[in-house]
Structure formats: C-alpha cells, structure tokens
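Please open the model in your viewer and keep the sequence panel beside it, so that each selection can be followed as it is named.

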Amino acid sequence: MHSTREQVPEESDWSQRQIGYYRARAAEYGKAHNERTHMPRLVRALDELPVNGDVLEVACGTGQWTQLLVDRARSLTALDAAPEMLRIARDRMRGTKTRFIEADIFTWEPDRLYDTVFLAFWLSHVPPVEMEAFWNLMRWALRPGGCIVFLDDSTAKAEIEEFVAETRVPTVRRRLADGSQHLAVKVLYDAPGLTSQLNDLGWEAHVEPIDAYHFAGIARPRGSE
C-alpha cells in the first residue's frame, strides 16, 4: 500500500471528484472490467445471490453487471451519476426494458420501491460519514421483504491501492491511460467487520468472502416481513 503526504483539497467535494473520475474513466472501464482475473468467481457469486422481482442497480457503470441482472428481474432500473457511463450502458442494454436514471445516489430519492437493490463494487465508495444515511436510503428504497445484495473489495485490496493523506474521507488516487490522475473514495472492509457495522445500523447482514480479495453479502432491514 502506498501513501502520499499532500492534503486532499476540500473534503466536502469528495462526491463530485468521484463522479468526475468515473466520467473520465468510462471509455476504458470496460477493458479493465473484462481483464479482471477474478470475474468467473464473481459471476458465480452473483448467481448465488437472491436477485429477483423489481431490481435497482446502484452505480451501474457501463452495464457489465446490468446485463447479468436483466433476465432475473421482473423490472430493472439502473442508476449512475456519470452520463458517459450511462451512454455505454444504454447501448449495451438496447432491446431490453431496462430503465436508466442519471443521478448522484447521495442526493437521489426513490420514486418507487424495489424487491432487490444490487451494489457491485459500490459500497466501498461510500465514505464512513455517509454510511448511516446511505443505508437509511436503502431501507427507504426497499419493498417489505426486500434485500440489498452486494459484491465488493476486501481489505486485501489495500496492497494495490494508492491511498492519499489521512482525511475524514478515505481517498485513493487512480491513474487513467491518458495520464490523468483522479481521486475516489475507497473504504475497504473485511466480512466480519462489515457484518457487525450493518447489524449496528439495524440490518440483518450475512457477508462471506468469495476469495482473498472480494466478498459477497446480503442485508435485510431488521424486523422486515
């Protein structure tokens, strides 16, 4: 794991910086996704997760995961803040009934309820100061009996991330093929720690490792029908 000493400018701008990173990364995102050596294991893990009914995908990116969800859903809504990502996702999902929403999840309000909310490598981009509010939003978006399902990076990924100076919002530097540098939130969890945190926030959570670098989880509001 690497670190630098410079201070991150204006911590309150973390969301816009993160959106800017994904807007800039859209053109090369698919190549990086396809080269993931762990993809077969991640896809098998997704197959085991309870995705059904009316499904919301948060931070759908260019639609690589969206295409794996559509046949399991009664309806599918895919949300992302980066228009460049959404253009690629729409092209990928042409011919399906996928509904796309361009919105920053941290300011978005649901216009309907969902049976399943799917988060692929998004939870690690939620800063600790927003965790309670984010999971309250997830509760708001769920139909009674619904659940949140997620895949994400574990703490072992710290060895390949370039963390910047200690701040209230954990931040990593990402470098793109064009030489540009960007900042994004990155919070790494282990399965027991995340399970405990979600339980403290009022969720019944079950999180298990997929491999050394990834985990999968299911969370339901405590006391849901």
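The tour below moves through a predicted model, one selection at a time.

**Strand S3 and its neighbours**

Begin by selecting residues 75-80, which form strand S3, and display the surface around them: the strand is mostly covered, with 5 of its 6 residues buried. Next add residues 54-58, strand S2, which pairs with S3 in the parallel sense over 5 bridges. To see how these two strands are placed against each other, label leucine 56 and look across to S3, where threonine 77 stands opposite.

Now turn to strand S4 by selecting residues 99-102, which run parallel to S3 and are joined to that strand by 4 bridges. Here leucine 79 is a useful label, since its bridge partner in S4 is isoleucine 101. With S3 and S4 both on display, add residues 83-92, helix H4, and you have the three elements of a β-α-β unit, which is right-handed. As you inspect the strands, bear in mind that side chains in a regular strand alternate between the two faces of the sheet.

**Aspartate 80**

Stay in strand S3 and select aspartate 80, which belongs to this strand. What is the nearest side chain of opposite charge to this buried residue? That side chain is arginine 23, which lies 8.6 Å away, and aspartate 80 has no salt bridge. Because a salt bridge requires a side-chain nitrogen of Lys or Arg within 4 Å of a carboxyl oxygen, a separation of 8.6 Å does not qualify. The side chain of aspartate 80 does, however, reach the backbone nitrogen of cysteine 60, at 3.3 Å.

**The cysteines**

From that contact, move to cysteine 60 itself, which is buried, with a relative accessible area of 3%. Cysteine 147 may be selected alongside for reference; this residue is likewise buried, its relative accessible area being 4%. The structure holds 0 disulfides.

**Aspartate 54 and the end of S2**

Return to strand S2 and select aspartate 54, which lies in that strand. Is aspartate 54 buried or exposed? Its relative accessibility is 7%, and therefore it counts as buried, the cut-off for that class being under 20%. Show the side chain of serine 75 as well, and a polar contact of 2.6 Å can be traced between it and the side chain of aspartate 54.

**Two residues with positive phi**

Most residues other than glycine have a negative phi, and the next two selections depart from that pattern. Select alanine 59, in the loop between S2 and helix H3 (66-69), where phi is near 60°, a positive value in a residue other than glycine. Alanine 59 counts as partly exposed, at 23% relative accessibility.

Then select phenylalanine 121, found in the loop between strand S5 (114-120) and helix H5 (131-141). Its phi is also positive, at about 55°, although the residue is not a glycine. Phenylalanine 121 is buried, with a relative accessible area of 9%.

**Glutamine 181**

For the last stop, select residues 181-185, strand S9, and pick out glutamine 181 within that strand. Glutamine 181 counts as partly exposed, at 45% relative accessibility. Finally, draw a distance from its C-alpha atom to that of tyrosine 21: the two residues are 160 residues apart along the chain, whereas their C-alpha atoms are separated by 8.4 Å.

Terms used
Residues numbered from 1 in each chain as written. Predicted model: local features only at pLDDT ≥ 70, side-chain atom pairs only at ≥ 80, totals over all residues. Heavy atoms only, no water. Disulfide = S-S within 2.5 Å. Buried < 20%, exposed > 50% of the residue type's maximum accessible area, 1.4 Å probe, protein only. Pairing = 2+ DSSP bridges. Right-handed = clockwise from strand over helix to strand, strands pointing away. Lys, Arg positive; Asp, Glu negative; His and termini not counted. Polar contact = N/O pair within 3.5 Å; in protein donor to acceptor, adjacent residues only side chain to side chain.
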